[in-house]
Amino acid sequence: MNNHYESRRRGWRRSWSFVAATTGATIGLGNLWKFSYLAGENGGAAFVLAYLICIVVVAMPVMIAEVVLGSRGRSNPVSTMRDVSLEAGASSAWQVIGWLGCIAGLLVLSYYSVIAGWGFAYIGKLLGGEFVAASAQLSGDSFNSLLAAPELLVQWQALFLLIILLVVALGVRRGISAAARLLLPLLFIMLIALAIYSSQVGDFKAAAEFLFKPDFSALSQEALLVALGHAFFTLSIGVGAMMAYGAYVPDQRSITGMVSTVVLMDTLVSILAGLAIFPLVFSLNMAPAMGPGLMFVAMPYGFGNMIYGNYFGALFFLMVSLAAITSGVALLEPATSWLAQQFRWWRPAAAVVMIIVVWLLGLVTIFSFNIWQHIEVFGMSVFNLLDFVTANLLLPIGGVLIALFVGWKMRKEVLRDELYVESPQIFWLWRWLLRYIAAPGVLVVFLWSLYPWLKTQLV
Ligand code: PFF
């Protein structure tokens, strides 16, 4: 009896570690910063609805598939794909999923680290009292002056990368999962409190309508692709990160159950962040479509006009930075573990090499906000292009390949072996979604969204 109880408890503890680590990898800037500005730019509720549908019918089945791959392969994404394709009797070309993931992860981290650097900078700005009784104008000017200073951006980005380096090099994943367990409840409490505060001082009605009352005429074809891409981005899939975390999946626990918990928490955080940001945006008459600065302009204004706002604000940006750190670790992991295992390198050395690559790539993003501000490629700034190519193209392409491989190439018995706790109905539904909805769905969205865009670019 006792033994049974003990092993049950241990099982739960392990599955909570997995859920906490994975939630740490998924909740990040994508929820707190990107979701709101994308919703703002793409017409609000119709975008949010499209995003939620993409999460449930496309991204979630792919996330389960990626975790299954990790749990089967238990190695870096490239070796995992080599081993599972060998087991499935499929071509070794499927390794491209691993390669693509490593490259996409580094590219995403190159700009992710720059934005996380803004988060660090804002901790200092708030503690220094820069926003006390601030006007929206002052808040906007402060953001623009940060963007205009490449040397500052480089320093903050370097600090962020250094912290990631330490975590990945020392292999303190356990520490991360423990920290995530502490951080998550705190993040929820803080976001709920902020949403309540901003609904009182701001225009809650306008915000709720904007986020929840769909106007489908506001949803452009391109917006659908952005919604799809963001579903992949926010759940950290298509980069090999979930394969890395899948290697730690505990036995005898339902993978679909654990993944659903993670998805639910991730979605809640995004919605709460939207409810904290938009009431302020509307009461200040700010343009919801102002772009990447939305959170960095609206929130400091809100804090600046709140009692003890300096401290709450600094705490908020500390949480943003910590959430970014746990996600940054996940972005660096696939490439680092590949380099270390492939060439039998010392793990910290592999991490250093990858960080240097990311740091140099990050300069592209930094300069796109100042000295290269005027440069446009396909009508986008260099930063927007990088974000578009990675989040909206590379991640979904990685996802389609995962769906095709797991859905069509892996044997059913092998999948059942990994998902043996699931009921036959859930298993069937998951495999059906993967085969008939996820992969074709992404391709349809690609064609539908990119065709008009390509047409305008070619003429
Ligand atoms: N999901 C993270 C976020 O929403 O901020 C971003 C991310 C992390 C994407 C890790 C991909 C990844 F592998």
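Analyst: Ala, Val, Leu, Ile, Met, Phe, Trp, Tyr, Cys and Pro count as nonpolar, Asp, Glu, Lys and Arg as charged, and the others, Gly among them, as polar. The model is predicted: local features need pLDDT of at least 70, side-chain atom pairs count only at pLDDT 80 or more, and totals for chains, interfaces and linings use all residues. Residues are numbered from 1 along each chain as its sequence is written, and side-chain values use heavy atoms, without hydrogens and water.

User: How many residues line the second largest cavity in each class?

Analyst: A cavity is a set of points, on a 1 Å grid over the protein atoms alone, where a 1.4 Å probe fits but cannot get out; lining residues have an atom within 4 Å of a point. Here the lining has six nonpolar, three polar and no charged residues, among them Thr23, Leu183 and Ala323. Helix 8 (173-201) gives the most, with four residues.

User: Which space does the ligand take?

Analyst: The ligand occupies the largest cavity (more than half of its atoms lie within 2 Å of the grid points). The lining of that cavity comprises ten nonpolar, seven polar and no charged residues.

User: Which residues surrounding the ligand are the closest?

Analyst: Of 14 surrounding residues (a heavy atom within 4 Å), the closest are Thr26, Gly30, Tyr112, Phe233 and Ser236. Helix 2 provides the largest share of this shell, three residues.

User: What polar backbone atom lies 2.8 Å from a ligand nitrogen?

Analyst: A polar contact is a pair of N or O atoms within 3.5 Å. That backbone atom belongs to phenylalanine 233, while one of threonine 234 is 3.1 Å from a ligand nitrogen. A backbone N or O atom of glycine 30 lies 2.7 Å from a ligand oxygen.

Key. Polar contact = N/O pair within 3.5 Å; in protein donor to acceptor, adjacent residues only side chain to side chain. 1 Å grid on protein atoms, 1.4 Å probe; cavity = no way out; pocket = protein on both sides within 12 Å on 5 of 7 lines; lining within 4 Å. Helix = DSSP H or I, 4+ residues; strand = E, 2+ residues; numbered from the N terminus.
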